[in-house]
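Visitor: I'd like a close look at a single part of this protein, please. Could you take me through it step by step?

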Amino acid sequence: MAKTTDRHICTEIMKTAAEGLKYGVIYVKEDGKIGEYSPLAKEMMGVTLPEGESHPEGKLTSGDIVVFLDNDLGNDDKMTPEDLKVLNIHSREIKPGSIVLAIGVYNNKKIQPVYKTFREYIPDSRIELSHRYLGFSIDAAIDFENRRMSVTLNGKEYYMNYLESIGYMVAIDGHTGNVKFFQAKGYGYRGEEAGELLRGKKFAGKNVSGQVNELMPTIGMQADKILNGDDFLSTLKSLMKGEDGDYLEGVYEIYRRMVYCYLIRIKKNCECDGVYVFVQDNEVAENTSRKTNPLTAEVEKRARMKSYLPDEKGSAAFAGFIGNSPAMEKVKQLAYKASKTKFNVIITGESGTGKSRLAREIHNNGNQKGPFVEVVCNAIAPSLIESELFGYAPRAFTGADPGGRIGFFEKADGGTIFLDEIGEIPPEIQVKLLHVLQNKRIYRVGSTTPIDVDVRVITATNRDLEEEVKQGRFRQDLYYRINVFPIRIPALRERKRDLYILANSVLEDLCRKYDMELKQFSEEALEIISGYDWPGNVRELENIVERAITVCEGRMIYSENLMIKSDARINSTLKERIEADERKIIEDTLFKNNDDRKKTMEELGLSRTVFYEKLKKYEISR
């Protein structure tokens with residue numbers, strides 16, 4: 001009895017300490033059975049669900065309304081396109097790996113479903129399907145940026161976060177109109193994959209007694225029956241054969257859920273012997289430092305490997321564009337599609353985002369044998385731009401080459417011409433450029449002889465050309481001609497998820513370029529890189545990293561080596577960030593209103609008292 005009490009005290013102390021550090025604990029005894037399963041571990045693994053939502057056990061029946069979302073059909077849902085036929089969805093477009101959002105009636109061939117499917121191209125970082133379906137207001141969404149799927153029924157939201165891929169399902173009882181099933185964390189444990197349920201398998205009840213219930217038994221169960229995952233079980237088995245104090249750590253899939261595990265062997269010939277497994281899932285890991293979180297690093301690694309491009313060749317073609325955020329995936333997908341056509345492409349984005357590099361990669365992926373000619377329009381004097389673009393005839397003007405000269409368009413014949421900063425071209429040249437784009441024919445300066453050219457045109461600008469058109473500085477007909485296939489490269493501050501891998505990629509490339517020992521960023525340096533807004537985008541990042549490796553004396557790059565001004569770093573707390581934004585809004589509005597305080601108060605909807613309190617707080621003067 002004393003030994004059992006001692007073991008209980010030991011495990012309770014360990015659970016308390018581990019959960020204080022945001023780790024769940026699973027204790028596997030010498031006989032391979034689970035001796036303890038901490039509340040946080042149960043929550044992470046989906047053994048228990050938060051108090052609130054509930055439904056009894058049951059199965060889908062004819063007439064039930066099913067809402068289904070999947071970001072990778074067949075990966076983690078035991079689904080095939082054939083399974084969707086029970087929702088009356090018969091589509092050749094839906095294949096394994098497709099993204100699907102669907103609403104349909106179970107086993108009813110008369111009622112038409114509504115659905116969206118994507119394969120090669122994700123239109124945005126968030127895709128939605130909203131419909132008034134059989135009297136229910138249904139909104140289904142996949143948020144790729146935040147890795148979240150949600151279904152809102154008549155204003156009530158059901159959601160689930162994910163790492164890689166899930167098939168998420170909510171079902172409405174066709175007779176009562178109540179929610180009879182919603183997918184939840186740990187569905188792999190319970191055998192409740194969407195494909196299984198659509199094929200008629202029963203699902204378990206959730207919190208049916210009005211309080212948090214375990215959705216499956218744990219204590220006393222064989223670990224290899226509960227903690228399903230080949231690599232994990234192999235590690236557990238190996239450690240069981242080890243000695244006291246042996247440990248292993250890594251990212252493992254347990255029922256296809258990625259978790260970070262730290263396993264330690266205790267072998268003291270007492271009741272506490274066994275393997276203690278400390279687990280952490282992504283929702284906890286994302287709130288800790290990237291450098292110290294192998295799970296976050298593994299997620300990013302897998303995300304880099306995963307692509308919605310149709311084949312490996314397409315993915316490899318744009319490997320130079322580092323980033324796995326949905327915004328960058330969209331850029332790569334559009335670029336891949338553009339490379340397979342000869343449409344005019346316009347690339348927009350702030351200075352330093354990599355427009356020139358993307359243009360060259362589009363060309364290389366589609367027409368590598370043809371010439372690629374890059375023209376920086378604002379680097380050519382306005383008086384020379386026509387002759388540079390179209391060439392000139394012999395003795396066309398004073399000082400001209402007696403033999404004449406071919407222009408950039410002729411040089412690009414059979415290939416691609418990239419017109420960077422297209423918004424800088426003078427109006428008189430815009431007319432002639434429009435003629436070239438329409439007819440694929442040029443005239444050299446001083447000549448009336450037409451020259452046909454077979455050229456693919458890619459343009460780029462950091463200007464708002466729509467606004468330029470409104471202001472009369474850019475021809476509307478030319479804008480429509482070049483804006484056939486637009487691709488916008490997001491600023492670095494819009495895709496901060498990419499900063500970690502991008503900064504390390506830049507660091508590795510520069511060390512290799514200068515034949516230097518590979519360096520690494522300190523944790524503090526990474527925090528500053530992740531927090532800075534990067535107004536100069538990738539170009540600024542490259543410059544700062546290049547400077548850092550130059551001044552860094554050792555292998556570790558510290559925050560001081562980055563030489564980013566302290567006032568340029570983003571404020572650390574939410575309150576500080578909100579206050580910084582509030583101050584800027586007030587200052588900008590005052591400036592716009594020429595320091596008219598009454599007008600500024602009215603525009604911002606602030607009372608006189610509140611307004612002047614904020615002026616004093618932020619030390620805003622005239």
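Which residue lies over the face of Y159, and at what distance from the ring centre?

Guide: Happy to help! Please keep in mind that this is a predicted model. The residue over the face of Y159 is R148, at 3.8 Å from the ring centre. Another charge placed over a ring is that of K206, whose charged end sits 4.9 Å from the centre of the F182 ring. Aromatic rings also meet one another here, with 12 aromatic pairs in the structure.

Let's move on to Y168. Leaving aside residues up to four places away in sequence, Y168 touches V67, F68 and L69, then M149 and V151, then Y158, Y159 and M160, and also Q183. So the ring under R148 belongs to a residue that Y168 touches. Y168 is also, with L69 and I142, among the residues with the most contacts inside the largest nonpolar core, a set of 31 residues. Several strands each supply at least two residues of this core, including strand 3 (65–70), strand 7 (136–143), strand 8 (148–153), strand 9 (156–161) and strand 10 (167–172). Apart from it lies another core, of 30 residues, and I417, I429, L437 and F474 are among them.

Now for a helix. In helix 6 (residues 230–240), the buried residues are F232, T235, L236, L239 and M240. Seen down the helix axis, these buried residues fall within an arc of 135 degrees, so they line one face of helix 6. On the face turned away from that buried side, helix 6 carries the exposed residues D230, D231 and K237. The cover over its buried residues includes strand 1 (24–29), helix 5 (223–226), strand 12 (247–254), strand 13 (257–266) and strand 14 (274–280).

Strand 14 is where G274 is found. G274 counts as buried because its relative accessibility is 0%. Among the residues that G274 touches are M240, Y27, V28, K29 and E30, along with I264, R265 and I266. G274 and I264 are 10 residues apart in sequence, and their C-alpha atoms are 8.5 Å apart in space.

Stepping back to the whole chain, its secondary structure comes to 23 helices and 23 strands. Buried residues make up 48% of its 622 residues. Of the contacts between residues at least 6 apart in sequence, 63% join residues at least 24 apart. The accessible surface comes to about 30,900 Å², and carbon and sulfur atoms account for 48% of that surface.

Key: Residues numbered from 1 in each chain as written. Predicted model: local features only at pLDDT ≥ 70, side-chain atom pairs only at ≥ 80, totals over all residues. Heavy atoms only, no water. Core = buried A, V, L, I, M, F, W, Y, C linked by side-chain atoms within 4.5 Å. Buried < 20%, exposed > 50% of the residue type's maximum accessible area, 1.4 Å probe, protein only. Helix = DSSP H or I, 4+ residues; strand = E, 2+ residues; numbered from the N terminus. Contact = heavy atoms within 4.5 Å. Phe/Tyr/Trp six-rings, centres within 6.5 Å; stacked < 30°, edge-to-face > 60°. Lys NZ or Arg CZ within 6 Å of the ring centre and 35° of its normal. Areas by Shrake-Rupley, 256 points an atom, 1.4 Å probe, with all protein chains shown as cover. Arc of directions from axis to C-beta.
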